[in-house]
Amino acid sequence: MSLPIVEAAYKKEKPETEQIPFGRTFTDHMFVMDYEEGKGWHKPRIVPYEPLTLDPAAMIFHYGQTVFEGLKAYRTDDGRVLLFRPEKNFERLNLSGDRLSIPPVDEDEVLGYLKELVALEKDWVPEFEGTSLYIRPFIIATEPSLAVAPSKSYKLMIIMSPVGPYFSGGIKPVTINVEDQFTRAVKGGTGMAKTAGNYSSGYQAQAKAAKEGNADVLWLDGVEKRYIEEVGSMNIFFKIDGEIVTPALSGSILQGITRTSIIEVLKKWEIPVTERRISIEELYEAYEQGKLEEAFGTGTAAVISPVGELNWLGKKMVINDHEIGALSQELYDTITGIQRGRKEDSFGWTIEV
Ligand code: COI
């Protein structure tokens, strides 16, 4: 079944460069679907990208009942358009939604709608090296009410934005501050959900880190401030004495789709990879012993971002001399190669639109 489409009267100019700032330009159309209690999700449609009209009492504005996702469409060298494991995003959207008391969507149905939207906006998928079309599905609570209770109505929307590299230096190793004061999440909270408050509550730490030249924040567990969790915009991996270690999903860490994919690739390559608790003290000790060989973040927006320096309580860990490590580079080439159709997709992760 095809979606009803209201065509945009005007078509915007598309960026003609590989330096496209993250999330600033949006395509001509967006997807919208409504939910009402008793009626369920209904009225899926594609409409021109335009501002919304919402009641000032809409519950999203007051108690933050919202969840979101991030995935990308990639242009292959022969002009095709590929999505990378999109079904995982809708699975996670429902997981986050469950935590925020938002009614689930039919994952297959919404994936079908996404494919229609991407097909319509195909020309917006940039072809330059390191670029892609970032896709942001999100759900907001729309019921006009100040009651502290789940909304009885919602909107699911999908907007899309052509993007370049997430960090302005591209794949150059980034410097990250290990946050020792603020907390991102605790077990039993919303850390595993992709929800707005997890991000805005990190802005103060981000600003503090940026003041000292750091591109992002590495979060420690909220109780003991010892165990490594994740970076503001990505999951984190370390190569310590030949072994790859990433923090185990503890309930307060986001279950990254790139994270899962990297673990699967490493297992296929028979490189030892362990998901476990790792403390910042253990990491620093490994660094002092010369065993911290590489560090990299993983995420849809960040792809694979090598970490060249970690700052923790005035101590500096310079990793691999601020150079991208051999394994980080190989993983980057493999993942982006699969995403852009340049390497064989032996995992069956891509879907052509
Ligand atoms: C993503 O990687 O898609 C994210 O959602 C991270 C960030 C831009 C919020």
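In these exercises a residue is called buried when its relative accessible area is under 20%, exposed when it is over 50%, and partly exposed in between, with a 1.4 Å probe and protein chains only. The model is predicted, so that local features need pLDDT of at least 70 and side-chain atom pairs count only at pLDDT 80 or more, whereas totals for chains, interfaces and linings use all residues. Residues are numbered from 1 along each chain as its sequence is written, and side-chain values use heavy atoms, with hydrogens and water left out.

**Exercise 1. Describe how domain 1 and domain 2 are placed and how they touch.**

Step 1. Begin with the bounds, which come from an automatic or database domain assignment: domain 1 covers 29-163 and domain 2 covers 174-339. Taken over C-alpha atoms, the centres of domain 1 and domain 2 are separated by 27 Å.

Step 2. Turn to the contacts, where contact means heavy atoms within 4.5 Å. On the side of domain 1, 20 residues are in contact with 21 residues of domain 2.

Step 3. Consider the area. The size of an interface is often given as the accessible area lost when the parts come together. Buried area here is the accessible area (1.4 Å probe) that two parts lose on being put together, summed over both; for domain 1 and domain 2 the value is about 1800 Å², and carbon and sulfur atoms give 61% of that area.

Step 4. Add the polar terms. A polar contact is a pair of N or O atoms within 3.5 Å; within protein, one must be able to donate a hydrogen and the other to accept it, and residues adjacent in sequence count only if both atoms are side-chain atoms. Between domain 1 and domain 2 there are 11 residue pairs in polar contact, both residues being at pLDDT 80 or more.

Step 5. Assign the domain 1 side to its elements, using helices (H or I, at least four residues) and strands (E, at least two) that are DSSP runs numbered from the N terminus. Two or more residues each come from strand 3 (66-68), strand 4 (71-75), strand 5 (81-84) and helix 2 (86-99), and helix 2 gives the most, with 6 residues.

Step 6. Classify the residues of that side, counting Ala, Val, Leu, Ile, Met, Phe, Trp, Tyr, Cys and Pro as nonpolar, Asp, Glu, Lys and Arg as charged, and the others, Gly among them, as polar. The division is 9 nonpolar, 5 polar and 6 charged.

Step 7. Finish with the salt bridges, each defined as a side-chain nitrogen of Lys or Arg within 4 Å of a carboxyl oxygen of Asp or Glu. The rule finds 1 salt bridge across the interface of domain 1 and domain 2.

**Exercise 2. Work out the surroundings of Asp34 and its links to Arg45 and Lys155.**

Step 1. Locate Asp34, which is found in strand 1 and counts as buried because its relative accessibility is 11%.

Step 2. List the neighbours. Leaving aside those within four places in sequence, Asp34 is in contact with Gly40, Trp41, His42, Lys43, Arg45, Tyr154 and Lys155.

Step 3. Examine the pairs. The side chains of Asp34 and Arg45 make a polar contact at 3.0 Å, and Lys155 forms a salt bridge with Asp34 in which the closest N and O atoms are 2.9 Å apart. This pair links distant parts of the chain, with Lys155 in strand 7 (residues 153-163) and Asp34 in strand 1, 121 residues apart. Lys155 is buried as well, with a relative accessible area of 18%.

Step 4. Combine the links: Asp34, Arg45 and Lys155 form a network of salt bridges.

**Exercise 3. Set out the exposure of the partners in the salt bridges Asp78 to Arg80 and Arg342 to Glu129.**

Step 1. Take Asp78 and Arg80, whose closest N and O atoms are 3.1 Å apart. Asp78 is exposed, with a relative accessible area of 57%, while Arg80 counts as partly exposed at 29% relative accessibility.

Step 2. Take Arg342 and Glu129, whose side chains meet at 2.9 Å, N to O. Arg342 lies in the loop between helix 8 (326-339) and strand 17 (350-352) and Glu129 in the loop between helix 3 (107-120) and strand 6 (132-141), so the pair ties together parts that are 213 residues apart in sequence. Arg342 is partly exposed at 39%, as is Glu129 at 47%.
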